[in-house]
Amino acid sequence: MHPNIFWAAYAAALMTLSLFISATHQEGLLQLTRTFLCFGAAPSLIGYSTRRGCWFRCSWKRLLPTVSCLPVTAAVFLAGTTAAYDFPAGETLSPVWMGIHLTLSFWSALLFWSPLLIPAPFLRRRTSMKKFAYLIVTGMLFYFYHQAAGYVQGEPVSITFMTTGTTALIMYLFYFIHAWAAAEEQTDRPTVKGQFHRFQRNKPS
């Protein structure tokens, strides 16, 4: 699948699902904004910066070391987009707190997407298998955290953010697997001479 086709379908599905769930469950603008920032604006900004070659300019260079620190980016994402939201309800009603929370959520999501979307072939530690495990583990923790929080509080917690975010991670997971399989087919050709068949040496006459 061409990347432009995938990201167009990703954006359409993200917008449709988040608007539908938010209207159905009558959740506020905060949840909708939070969803678009973490799963829409963050990967879009990384894609735009990649096309413009901004990763080796100014302060953008500071994000590059995080590309190889998958446990750190996963922990920051989970803390910034889930645990940070469940502070006392009185604080969440403050406009100042809402602004701080949305800013932290956006930057934590930016760190989460950076190992997946920033092309950095010079880092050998960032293998496809590690990125696959990174997606699986963060996706599971993201979903089960919201389920556990809803169970403890006795009601669903941020259903728009949980459902849309989980769907977005699953969509990208399938795209990542497809791209990984295509890359393996290009690099591991069974018809390459010398890899599976020994060359026959010319015997001296």
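Is Y172 buried or exposed? At 5% relative accessibility, Y172 counts as buried, because the limit for that class is under 20%. This residue is a handy way into the structure, which is a predicted model.

The overall picture comes first. The protein chain holds seven helices and zero strands, and from the N terminus on its elements run α-α-α-α-α-α-α. Of the 205 residues in the protein chain, 39% are buried. The chain exposes about 12700 Å², and carbon and sulfur atoms supply 66% of that area. Among contacts between residues at least 6 apart in sequence, 74% join residues at least 24 apart.

Aromatic residues offer a good view of such long-range links. The structure holds 20 aromatic pairs. In one of them, the rings of F6 and Y175 have centres 4.1 Å apart and planes at 10°; the pair is therefore stacked, as the angle is under 30 degrees. F6 lies in helix 1 (residues 3–25) and Y175 in helix 7, so this pair ties together parts of the chain that are 169 residues apart in sequence. Both partners are covered: F6 is buried, with a relative accessible area of 5%, and Y175 is buried too, with a relative accessible area of 14%.

The rings of W7 and Y172 form another pair, with centres 6.0 Å apart and planes at 35°, so the pair is tilted. This pair also links distant parts of the chain, with W7 in helix 1 and Y172 in helix 7, 165 residues apart. Its two members differ in cover: W7 counts as partly exposed at 26% relative accessibility, whereas Y172 counts as buried at 5%. Ring pairs join these four residues to others in a cluster made up of F6, W7, Y10, F39, F77, F112, W113, Y134, F142, F161, Y172 and Y175.

Helix 7 (residues 159–187) also holds T166. At 16% relative accessibility, T166 counts as buried. Leaving out residues up to four places away in sequence, T166 touches F142 and Y143, and F142 is itself a member of the aromatic cluster.

Helix 2 brings further links across the sequence. T35 lies in this helix and counts as buried, at 0% relative accessibility. Beyond residues up to four places away in sequence, T35 touches L14, S18, G40, T160, F161 and T164. The C-alpha atoms of T35 and M162 are separated by 8.6 Å, although the two residues are 127 residues apart along the chain. A41 is also placed in helix 2, but here the residue is partly exposed, with a relative accessible area of 28%. A41 touches F36 and F106, again not counting residues up to four places away in sequence. Between the C-alpha atoms of A41 and L110 the separation is 8.7 Å, with their positions 69 residues apart along the chain.

The loop between helix 1 and helix 2 (29–52) contains E27. E27 and S158 are 131 residues apart in sequence, yet 7.8 Å apart in space, C-alpha to C-alpha. Apart from neighbours within four places in sequence, E27 is in contact with S22, S158, I159 and T160. T160 is also touched by T35.

Helix 3 (residues 70–81) allows a simple check of geometry. At 1.5 Å a residue, its twelve residues should span 16 Å, and the end C-alpha atoms are 16 Å apart, which agrees. In this helix, L70, T73, A74, F77, L78, G80 and T81 are buried. An α-helix has 3.6 residues a turn, so residues three or four places apart point the same way. F77, one of the buried residues of helix 3, belongs to the aromatic cluster as well.

On the surface, V96, I100 and L104 form a nonpolar patch, with about 280 Å² of accessible area together. I100 is placed in helix 5 (residues 95–117). With a relative accessible area of 40%, I100 is partly exposed, and this value meets the requirement of over 30% for a patch residue.

Methods. Residues are numbered from 1 along each chain as its sequence is written. This is a predicted model: local features need pLDDT of at least 70, side-chain atom pairs count only at pLDDT 80 or more; totals for chains, interfaces and linings use all residues. Side-chain values use heavy atoms; hydrogens and water are left out. Patches are made of residues with over 30% relative accessible area and no salt bridge: like charges are joined within 9 Å, nonpolar side chains (Val, Leu, Ile, Met, Phe, Trp, Tyr) within 5 Å. Accessible areas come from the Shrake-Rupley method with a 1.4 Å probe; for residues, only the protein chains shown count as cover. A salt bridge is a side-chain nitrogen of Lys or Arg within 4 Å of a carboxyl oxygen of Asp or Glu. Helices (H or I, at least four residues) and strands (E, at least two) are DSSP runs, numbered from the N terminus. Buried means under 20% relative accessible area, exposed over 50%, partly exposed in between (1.4 Å probe, protein chains only). Contact means heavy atoms within 4.5 Å. The expected span of a helix is 1.5 Å times one less than its number of residues. Rings of Phe, Tyr and Trp (its six-membered ring) pair if their centres lie within 6.5 Å; planes under 30 degrees apart count as stacked, over 60 as edge-to-face and the rest as tilted.
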